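This report goes through selected side-chain contacts and one helix of a protein chain. Please keep the sequence and the model open while reading.

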Amino acid sequence: MAAFALKINGQTRQVDVDPNTPLLWAIRDGAGLMGTKYGCGVAQCGACTVYVDGQPMRSCSLPVWAVGSSEVTTIEGLDSKEAKAVQAAWAALDVPQCGYCQSGQVMSAAALLNLNPKPSDDDIDLAMNGNICRCATYVRIRAAIHSAAKTLEG
């Protein structure tokens with residue numbers, strides 16, 4: 001066990017974990033933030049997506065020791081204009097079914113709109129490719145991203 005001071009959602013949180021513990025478990029068990037989900041455990045489904053220094057990363061495969069002084073943002077701390085537009089579109093279009101993957105989906109969609117405010121269907125498919133939805137709400141996810149993009153146009 002080792003003590004780590006993780007910067008999560010603008011706050012420093014102390015967690016005492018094995019250095020090889022995946023960031024996901026430091027966030028959930030160490031910091032008590034339950035919005036980030038465990039999906040596959042091998043960085044293939046995207047349910048555990050968080051931002052590390054603003055970049056979407058799979059927290060289930062990132063060891064705590066590798067985070068260092070980086071800023072971690074979870075779904076609880078996501079408050080950009082892109083995130084707000086995505087969350088509003090998600091609700092308006094009733095995107096979630098079971099909802100399990102949605103925090104990772106929203107994190108990836110907001111990151112896409114931050115980099116590309118007018119994504120095409122192909123851009124969306126490429127950016128969201130690593131986020132798996134077992135309920136197969138992909139058509140509504142794509143529609144919600146287009147809706148969020150229109151909202152951001154003003």
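The sections below cover salt bridges, a helix and its surroundings, a buried serine and an aromatic pair. The model is a predicted one.

**Salt bridges**

Side chains of opposite charge can pair when their charged atoms come close. In this model the count of salt bridges is three. The table gives each pair with its N to O distance.

| Basic residue | Acidic residue | N to O distance |
|---|---|---|
| Lys118 | Glu153 | 3.9 Å |
| Arg142 | Asp121 | 3.8 Å |
| Arg142 | Asp125 | 2.9 Å |

The salt bridge between Lys118 and Glu153 has its closest N and O atoms 3.9 Å apart. Lys118 sits in the loop between H3 and H4, while Glu153 belongs to helix H5, so this pair ties together parts that are 35 residues apart in sequence. Both Lys118 and Glu153 are exposed.

Arg142 and Asp121 form a salt bridge through their side chains at 3.8 Å. Because Arg142 is in helix H5 and Asp121 in helix H4, the pair ties together parts that are 21 residues apart in sequence. Arg142 is partly exposed, with a relative accessible area of 29%, and Asp121 is partly exposed at 35%.

The side chain of Arg142 also meets that of Asp125 in a salt bridge of 2.9 Å. That pair again links distant parts of the chain, with Asp125 in helix H4 and Arg142 in helix H5, 17 residues apart. Asp125 has a relative accessible area of 36% and is therefore partly exposed. Asp121, Asp125 and Arg142 are thus linked in a network of salt bridges.

**Helix H3**

Helix H3 takes in residues 102-115, which is 14 residues. From its first C-alpha to its last, H3 reaches 20 Å, close to the 20 Å expected at 1.5 Å a residue.

How many residues of H3 are buried? The number is 12 of its 14, and the helix is mostly covered. Among the buried residues are Gln102, Val106, Met107, Ala110, Leu112 and Leu113. The cover over the buried residues of H3 includes strands S3, S4 (55-58) and S5 (71-73). Helices H2 (81-92), H4 (121-128) and H5 (138-153) are also among what covers them.

**Ser70**

Ser70 lies in the loop between S4 and S5. Its relative accessibility is 14%, under the 20% limit, so Ser70 counts as buried. The side chain of Ser70 makes a polar contact of 3.0 Å with the side chain of Asp53. A polar atom of the Ser70 side chain also lies 3.0 Å from the backbone oxygen of Val67. Leaving aside residues up to four places away in sequence, Ser70 touches Lys7, Val52 and Asp53.

**The aromatic pair**

A pair of aromatic rings is described by the distance of the centres and the angle of the planes. The structure holds one such pair. Its members are Trp25 and Tyr38, whose ring centres are 5.4 Å apart and whose planes stand at 35°, so the pair is tilted. Trp25 is in helix H1 (residues 23-30), and Tyr38 is in the loop between H1 and strand S3 (49-52). The two residues are 13 residues apart, and the pair links distant parts of the chain.

Are these two residues buried or exposed? Trp25 is partly exposed, with a relative accessible area of 29%. Tyr38 is partly exposed as well, with a relative accessible area of 36%.

Definitions and conventions. Residues are numbered from 1 along each chain as its sequence is written. This is a predicted model: local features need pLDDT of at least 70, side-chain atom pairs count only at pLDDT 80 or more; totals for chains, interfaces and linings use all residues. Side-chain values use heavy atoms; hydrogens and water are left out. Rings of Phe, Tyr and Trp (its six-membered ring) pair if their centres lie within 6.5 Å; planes under 30 degrees apart count as stacked, over 60 as edge-to-face and the rest as tilted. Helices (H or I, at least four residues) and strands (E, at least two) are DSSP runs, numbered from the N terminus. Buried means under 20% relative accessible area, exposed over 50%, partly exposed in between (1.4 Å probe, protein chains only). The expected span of a helix is 1.5 Å times one less than its number of residues. Contact means heavy atoms within 4.5 Å. A polar contact is a pair of N or O atoms within 3.5 Å; within protein, one must be able to donate a hydrogen and the other to accept it, and residues adjacent in sequence count only if both atoms are side-chain atoms. A salt bridge is a side-chain nitrogen of Lys or Arg within 4 Å of a carboxyl oxygen of Asp or Glu.
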